[in-house]
Each structure stands twice: as structure tokens, then as C-alpha cells.
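Please open the structure in a viewer and keep the selection tool at hand. The tour proceeds from whole chains to single residues.

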Amino acid sequence: MSKNCAYILWFLCVSVILQSCVKDEGYVEVEPDLISPVTFVLDSVPYLTLSEYNFFEGDLNGLDPVYGVLPFTLNSTLFTDFAKKKRFIWMPSESSASYVNDFSILDFPIGTVLIKNFYYNNVMPNNNTKIIETRVIYKNNEDRWSFANYRWNDEQTEAYYTTDGEVVDISWLENGVSKSVNYEIPSPSKCVTCHGDFNGGIPIGVKPQNLNLSYNYIDGAQNQLSKWADMGYLIDDFPTTIESTVDWKDESKDLELRVRSYFDINCAHCHNAEGYCNYALLRLEFKNTESLVNLGVCVSNDFYLGNEVTHIVNPGDANSSALFYRINTIEEEFRMPFFGRTLIDPDGVALVDQWINSLNINCN
Amino acid sequence: MKKNTLIIILFLPFIMVGQVNFSFSSKSVSGTDLGLVDMNNDQLDDLIGISTSNIQIHFQQPDGTFNIVNHPISATYPPSWSMAVGDYDANGYNDFIWGSGSGAHVLQANSDGTAWSVVATSTDVFTQRTNFVDINNDGHLDAFICDDIDPNEYFMNDGFGNLTLYEGAQYATANGGDCTNPDDPISIDQVGVPGGLGIHPRGGNYGSIWVNYDGDRDMDLFIAKCGDCEVRRTNELYRNNGDGTFTRIDDIANLDDPINTWSSAWGDYDNDGDMDCFIGSSTGSEQHKLMRNDNGVFVDVSVASGVQACQNFYHESVFVDFDNDGFLDIYVNGDILYNDGDGTFTVEAQASTGLSGFGGALGDLNDDGFIDLFRNGIYENDGNSNNYLKVCLEGTNSNKNGIGATIELTTAAGTQIREVRSGEGFKYMNSLTAHFGIGTETEEDIISLIIRWPSGTDDLILSPTENQTLCVTEGETLSLGQSLVEDLILYPNPTKGILNINATYGFENARYTVFDMNGRQIMNSKFESNSIDVSNINSGMYFLRITDSGKSRTQKFIKN
């Protein structure tokens with residue numbers, strides 16, 4: 001730029017700096033009202049590109065949330081072919097969710113948006129991070145949940161609204177080990193199969209039992225539920241003690257709590273009384289799995305998997321347990337979860353194996 | 001130990017004479033083993049294994065060996081859930097439809113059946129049962145795909161080799177709102193099949209069986225449904241109105257059952273001339289059902305028939321006469337429910353039959369007239385001394401495989417009916433050759449075999465010989481061109497009144513019978529002079545059979 005402009009700019013910068021350094025005795029700081037810059041007009045969504053929502057600042061693929069877009073996570077998360085997730089929530093101003101009970105999704109206001117980005121690190125050939133899709137669930141004007149999915153471009157500059165399912169071939173390094181997957185981006189009907197009960201579409205993870213954890217926000221660690229209350233996103237009348245799931249990967253936690261948390265987040269959305277597979281006897285929601293019968297322990301296996309698979313869970317013998325068989329296979333006809341994965345979750349399988357073999361129960 | 005083993009021990013003293021044993025021998029096919037169908041038109045059923053890169057066919061040879069041929073293909077979706085076979089372009093070689101949880105393909109055979117390629121694809125269907133069927137009865141096979149999580153899809157064949165995909169119905173949201181009271185669709189098929197075939201927004205469609213349940217010439221559809229709210233899992237019956245439209249009538253027919261089922265079996269188990277329905281429960285918490293067809297309304301005979309003694313719950317149920325006694329048994333996931341011939345069934349559980357509990361493809365793998373099973377090995381039916389008749393069809397005005405044709409076999413014991421179907425049970429593709437057991441009856445007892453083609457044509461064969469595979473081309477029995485016997489000449493033919501008979505032999509104690517095209521006797525008398533007066537019978541085509549000293553000769557003639 002020209003010398004004159006440079007001088008003027010320098011002068012302005014100095015003035016600003018001097019101003020901010022000098023505090024008058026009578027100066028009262030007025031905090032400006034923080035307004036979320038997110039664009040979300042219910043009559044206009046879903047937008048055709050992810051950037052139109054203005055959820056993130058800077059480069060879109062930095063996933064750096066603007067004010068009002070809160071990152072969150074869950075105690076235990078769903079296995080989706082090793083893809084990593086970044087989750088966010090946003091609500092319109094003056095809107096709050098309310099607590100229902102420990103094990104139900106919060107009662108969210110119209111305009112609530114849940115954002116879930118799926119990505120892999122160390123993706124070949126360039127050993128970089130690739131975001132594959134961003135799934136958005138929002139509460140619409142009819143107080144029902146709508147779904148919108150966004151497919152990222154290879155340049156990672158934008159994600160585009162799509163209603164097509166798609167298979168994306170990805171090779172990456174997982175802890176230094178080379179892996180590859182035919183990653184499945186679901187079509188809308190598949191979304192609903194997991195994200196649905198008799199009444200329609202629903203989010204899955206956002207229950208107090210799963211949200212009750214300490215998250216490292218930029219301005220410090222805080223319990224997520226209390227952070228949401230501070231943001232005005234959650235009415236502050238929820239109990240101080242919440243019966244919660246645990247991080248199943250935390251080996252310091254009780255084995256049974258870990259397994260029940262694993263089942264809750266990987267299975268319970270179908271295996272409940274109003275889910276897609278309600279005709280099977282399993283009831284795998286965390287609140288129901290203190291009962292061994294709901295876990296399938298000592299329940300005989302009806303759906304043939306071979307003569308040796310005799311029970312849904314056979315204490316002490318994973319190989320004769322249908323539940324183990326199904327999480328340990330990639331055959332489409334037999335695998336569990338039904339979709340959402342095409343690879344085996346080795347750590348999850350090891351967990352369930354350990355749990356079944358730890359069961360000291362005589363079925364007779 | 002499975003609890004049904006205990007039931008078998010109790011039943012051992014009561015095993016019916018008519019049961020058969022199965023011998024297992026190892027045999028594997030490369031890919032998913034799904035089909036047991038004649039793929040090279042030699043009337044011998046072949047084995048089919050499929051992957052996304054290869055169709056491997058084991059062609060059954062007359063000497064009992066198999067000739068293995070690989071056919072490279074390039075498909076996106078594997079046949080994870082089902083496969084069906086049919087010659088949709090009528091070039092003489094069977095084509096395929098199959099699908100996975102994400103999509104489905106139709107593959108077309110080349111001109112000599114040595115290669116296949118993908119010609120049509122649905123990229124968004126959670127495939128369950130697939131079928132080839134002539135939905136609109138225009139003589140060309142269409143293809144149907146059950147969708148687990150969406151309205152059903154189907155390809156309509158325009159007869160010029162073009163397949164058009166229809167998705168049934170579209171909803172504003174994928175879940176269609178409330179499962180029990182779904183939103184109205186925002187659009188619904190107006191071409192193809194107006195109104196679609198199974199359009200609940202969340203699917204629930206598992207086992208589509210195309211069956212002519214009402215005895216007219218068009219194909220009706222029964223959908224076995226499963227899972228979720230009651231509305232979504234209530235089974236559906238669609239009556240084909242014959243004009244390209246269908247009406248859903250499961251409630252009127254008493255088939256609107258909400259039990260969770262992946263497949264149903266359709267067959268005339270009581271030999272009264274119409275198709276009955278066995279509904280296979282897929283969970284141990286609901287029992288199997290048998291619904292007897294009484295003139296289009298189905299009566300629940302589940303308890304009285306004894307089918308609920310079967311405690312095997314999975315996804316394969318098919319009517320098959322395993323012991324060739326002339327009564328259709330039911331294959332249920334490895335159990336065999338033997339038809340006792342009096343409306344009841346005796347169950348032999350899978351632990352005793354030794355059949356695969358995974359189901360399998362059914363057909364005659366060694367051409368001995370007894371139905372075998374293939375699933376990761378050959379389960380060969382050891383048979384018995386009973387006789388059989390197999391019928392293979394070649395359509396001309398009707399679709400090439402004769403899918404949808406009803407075959408009636410009348411013997412002294414009564415009439416049995418079969419339908420040719422592509423895609424029964426849930427997953428597998430069974431032989432397209434129809435099979436009848438006839439017990440101890442022989443040619444002398446067999447009266448007629450009638451093929452009722454979807455086109456409206458009937459073909460009649462009198463007194464076919466037992467223990468063979470009879471192949472019938474549509475309309476072949478209607479022309480005068482081919483003499484049935486060389487040494488019996490009728491003239492004039494056509495005739496208005498007198499029919500003269502010229503034979504190279506004399507008749508001593510002969511009788512003659514005139515049959516119409518339904519196999520009904522019109523005239524029957526002692527054969528005294530060399531001419532017969534047929535002036536009093538209606539115009540039409542007839543058979544004249546002269547029987548002398550136990551030997552019969554038959555010839556066709558037309559009265560006009």
C-alpha cells in the first residue's frame with residue numbers, strides 16, 4: 001500500500017492501543033450484547049450450502065464455531081467405521097430446552113439445531129484431514145425434527161445439501177496402521193431408521209445421561225449441562241445427580257457400566273420398544289439394561305446363526321452368543337448395528353467379549 | 001441344546017410313512033449361494049454364486065457332475081439380501097435382479113447366455129425380496145423390489161428392452177411423520193402401477209410373493225411385513241384388477257395380520273384349486289399361521305392344522321412336495337411340515353431333517369424327481385418310490401419363463417395346481433421348473449396336464465407319462481401342425497359335422513373319447529364305424545382319443 005496509507009493506518013492502530021490502555025476513573029465498561037451470527041430462518045432451511053448457516057468462522061473446514069454454536073460430546077459415542085465426529089448445538093436466542101428425565105432427550109425448542117461433522121485424519125494420499133459429511137437435525141415450525149445432510153467437496157471449502165446416499169472410498173492411517181473403508185453416507189430413509197420412533201424423527205445422543213460430563217471449553221472446563229444452562233440453552237432446574245452413562249473406553253470404569261453405555265449408544269435407538277427392531281426381545285437402553293433379560297443373557301437365540309449359536313448372550317461363551325456374532329461380522333445380513341458401520345469395531349468387540357466371559361451365571 | 005430336539009424325540013414313534021431323508025455333501029460356490037435354476041435351457045437346474053465381480057454357475061450335467069463357469073461382471077451392490085432370475089428381454093437366456101441394503105441391479109444376459117452386464121440400477125433401495133413378474137400382464141417380465149425402509153420400487157419393462165424405475169410414492173420427509181398415522185404422500189405413481197404397491201413411508205416390506213390367488217390370469221401381490229408400529233408391519237394383499245391397477249384388500253381377505261414376518265409361502269395344500277397362505281413368524285414370540293383360501297377369504301386354520309408345532313423362526317418358508325405324495329409340504333427354515341393329506345401337518349424339526357437352518361435354494365439337483373436344497377452344500381433328497389412329473393414352460397405371448405402361469409395336473413386322485421414363480425421365500429431363487437409328486441400313480445392314472453398361461457391361452461396335454469420333465473411351449477398343443485400320432489389321421493380337419501378316421505391298423509374293441517381343451521369328456525362311445533358325428537358339439541379344438549386293447553392313440557381336430 002502507499003506510504004500515506006501506511007502512516008494513517010499506523011496512526012489509527014496506535015490510537016486504538018492508547019485508548020484501550022487508558023482507563024478513565026469514571027469509565028464504566030458496558031458489555032455489548034453478544035448476538036450469535038448464525039443464519040437460520042426456519043422458512044428457508046435447509047440451505048443448499050453449509051456455509052450459508054454461518055455456523056463456523058474462518059475456513060469452513062476449521063470447524064471453528066461462532067458465538068452461540070456450542071461444541072459438545074457424549075460420554076460414549078457411536079462407532080461409525082472409525083470416523084471422528086465434531087458435534088455442535090445452536091438455539092435461537094431467548095430459546096431454551098428443558099430437562100425431562102435422565103434418559104430422555106431434552107425437550108428442545110423450535111429452531112434447535114444439532115450439527116455433527118464426520119471426518120478422518122491422516123487420509124491418503126496427502127495424509128491430511130478430510131471431512132466427509134455434516135449431518136444437521138433441527139426442530140422445525142411444526143415442532144418436529146427435520147434432517148439435512150451436507151456432503152463436503154474434495155477441496156474442503158464447502159459442503160452441499162444432498163439427499164443421495166453415497167459410498168466414499170477412504171484410506172487413512174489409524175494410529176499408524178493403514179486402513180480403508182467404503183464409507184457410507186446415508187440416504188434420508190436410512191437416517192430415519194435409526195433416528196426415529198413411532199412419532200417421527202428424533203435425535204439420539206442428547207440426553208442428560210450422555211451429556212453429563214466435563215468439557216474443555218476455550219474458557220475452561222465445565223460440566224456441559226451447566227454450560228448449556230449458562231448459555232441459556234437449558235433451563236436450570238435439572239437435578240444435580242444424574243444417572244449417567246460412562247465413557248466405555250475408560251478402563252477404570254466398571255465393566256458392566258461400560259458395556260451398558262456401549263449398547264446404549266450403538267444399539268438402543270433400534271433395540272427399544274418403539275424402535276425399528278422392537279420385535280426382537282432385546283431392550284438395550286441404558287435405563288433398561290440393569291435387567292439381564294433385556295440384555296439377552298440366557299435368552300435362547302431364535303434367529304438362526306448356526307447350530308452353535310444358542311443364546312443371545314451365553315454367559316462365559318462369546319462364540320455361542322448371537323449378540324457377539326453379530327457385532328463381530330461384516331456380513332450385511334447379520335451385522336449389528338444394521339447400518340452405520342461396514343467395518344468391525346475391534347475395541348467394542350473386545351469389550352463385549354470380555355463382558356460375556358465375565359458373566360458368572362448359570363442359565364438353568 | 002435347542003428345545004425342538006426334545007419335540008423330535010417325542011415324535012419319533014409317530015413319523016409318517018411319507019417322510020424323506022436328506023444326504024449332505026460338501027459343495028461350495030464362489031460368492032453368495034443364492035440360486036438353483038436352469039441357466040442354459042437343458043432342463044437341468046444349475047447352482048449360482050454371485051459377487052460384485054463374478055457370477056459363478058455350476059451347470060448340472062446329465063451324469064451328475066457340475067461344469068463350473070465364471071462370468072466376470074462389474075456391479076456396485078452385492079446380493080446381500082436376495083436374488084431372482086427371469087428372462088425379461090425374452091432372448092432365451094435368464095437375467096438377474098439382486099440387491100443390498102443400499103441399492104439393486106438388473107443384469108441382462110447376452111445373446112448366448114455367456115455373459116451378463118448391469119442394465120438398470122436403483123441407487124436408493126434397502127432391498128429385501130426381489131421378483132421377476134409380469135405386473136401389468138403385457139407379456140413382458142417386470143421386476144419388483146421390496147424396500148425395508150421406504151415404499152417399494154419396481155422396474156416396468158416396455159417390451160423393447162427398456163426398464164423404467166418407479167419408486168412408488170414420495171413423502172415430504174423420509175419418515176413420513178407419525179408411523180401409525182403417516183403423512184399423505186406428496187406424489188404417488190400415476191404411471192407404472194398407479195398408487196404404488198406398498199407405500200408406507202417407512203417401508204417394513206420384507207417378503208413379496210406374487211401369486212394368482214383369485215384364479216384369474218393376472219398376478220396379485222402379498223407382502224409379508226415386519227417391525228415397528230402396527231400399521232407398518234401389517235401384511236398387505238393387493239388384488240390385480242386386470243386393468244393395470246391394484247386394490248389393497250388384505251382386510252377383506254382376512255390377511256391383514258400384524259405379526260412380524262419376513263416371508264410367506266403360497267400353495268394349494270388342500271388341493272381344492274386355490275392358493276392358500278402360510279405366514280412364517282420371524283420371532284419366537286409369535287406363532288406361525290396357516291390361512292386356508294376359501295373363495296378369496298382366508299380362514300385361520302393355524303391351530304387345527306398343527307403348523308404351530310413348528311418352533312423354527314427365521315425367514316424362509318416355501319411350499320414343496322418333498323415326499324412326492326401329491327400333497328404340498330411346507331419348508332420352514334430347515335423344518336419340514338409334512339402334509340398328512342387331511343388338512344393337518346406333521347412337523348419334522350431341523351435337528352432331525354438335517355437341512356440348513358439358513359434356508360437355501362430349492363430345486364432338483366440330480367434330476368431324480370425329488371426336490372433338493374442347496375446352501376453351502378448339497379442337501380440331496382434321498383427320495384422314495386413315489387412318482388413325479390416336472391413341467392418347464394416356454395412362453396410366447398406370455399413371458400418367456402411362464403412366470404405366473406398356473407399348471408393343473410389332474411389324476412385319478414384329484415387335481416393339483418402349481419404356479420411358476422421367480423422369488424419365493426425371502427432370499428433365494430428356486431427352480432423355475434414346476435414339480436408335482438403323484439404318489440404311486442402312473443400314466444394310466446394321469447388324466448391331463450393343463451397350462452393356463454397369463455396371456456389367456458390354455459395348453460392341454462393328455463395322459464403325460466410319469467417321471468419325466470415335460471417342457472411345454474405356449475400354444476403348441478393348439479396347432480394342428482404337429483400330429484400327435486402318425487398312424488391316426490382325421491379328415492376333414494377342421495370339420496363341420498362328420499369326422500372320418502383313417503388308421504393303418506384295424507380296431508377290434510375300440511372306444512373313443514372326445515375331450516375339450518379343459519380336459520373334459522364331451523363324447524364317449526364304442527367305436528363302431530370309421531367315422532364320428534361331431535355336429536352337435538360346440539365349435540372349438542378337441543382331442544379324439546381311441547383306446548383299443550389298452551392302447552390309446554390321440555389326435556387333435558377342430559370343429560367349426
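The stops below state what to select and what is found there.

This is a predicted model, in which local features need pLDDT of at least 70 and side-chain atom pairs count only at pLDDT 80 or more, while totals for chains, interfaces and linings use all residues. Residues are numbered from 1 along each chain as its sequence is written, and chains are lettered from A and ligands numbered from 1 in the order in which they are written.

**Chain A as a whole**

Select chain A. Its C-alpha atoms fill a box of roughly 90 × 50 × 40 Å along the principal axes. Seven helices and 14 strands make up its secondary structure; these elements are DSSP runs numbered from the N terminus, helices being H or I with at least four residues and strands E with at least two. Of the 364 residues in chain A, 39% are buried. A residue is called buried if 20 or more other C-beta atoms lie within 10 Å of its own, exposed if 12 or fewer do, and partly exposed in between, with C-beta atoms placed from the backbone.

**Helix α4 of chain A**

Next, select residues 224-231 of chain A, which form helix α4. Which residues of this helix are buried? They are A:Gln224, A:Leu225, A:Lys227 and A:Trp228. These residues lie on the same side of α4(A), because they cover an arc of only 160 degrees around the axis; the arc is that of the directions from the helix axis to the C-beta atoms. To see what they pack against, add β3 (70-72), α3 (208-211), β13 (214-217) and β14 (220-223) of chain A. After the helix comes A:Gly232, with a positive phi near 85 degrees.

**Where the chains meet**

Display both chains. Here 28 residues of chain B are in contact with 26 residues of chain A, a contact being two residues whose C-beta atoms, placed from the backbone, lie within 7 Å. The chain B side of this interface consists of nine nonpolar, 14 polar and five charged residues. In this division, Ala, Val, Leu, Ile, Met, Phe, Trp, Tyr, Cys and Pro count as nonpolar, Asp, Glu, Lys and Arg as charged, and the others, Gly among them, as polar.

**Chain B as a whole**

Now select chain B alone. It contains five helices and 44 strands, and 54% of its 560 residues are buried. Its radius of gyration is 24 Å, which agrees with the value near 24 Å for a compact globule of 560 residues; the radius is taken over C-alpha atoms, and the globule rule is 2.2 Å times the number of residues to the power 0.38.

**An open sheet in chain B**

Within chain B, find the open antiparallel sheet of four strands in the order β24-β25-β26-β27. Its edge strands, each pairing on one side only, are β24 (317-320) and β27 (345-348) of chain B. Two strands pair if DSSP finds at least two bridges between them. Four bridges join β24(B) to the antiparallel strand β25 (residues 329-332) of chain B, and B:Ser317 stands opposite B:Val332 in β25(B).

**B:Met291**

Finally, select B:Met291, in strand β22 (residues 289-294) of chain B. Is B:Met291 buried or exposed? It counts as buried because it has 23 C-beta neighbours inside 10 Å. Apart from residues up to four places away in sequence, B:Met291 touches B:Leu255, B:Asp276, B:Cys277, B:Ile279, B:Phe298, B:Val299 and B:Asp300. As a last selection, B:Gly64 lies 39 Å from B:Met291, C-alpha to C-alpha, with their positions 227 residues apart in sequence.
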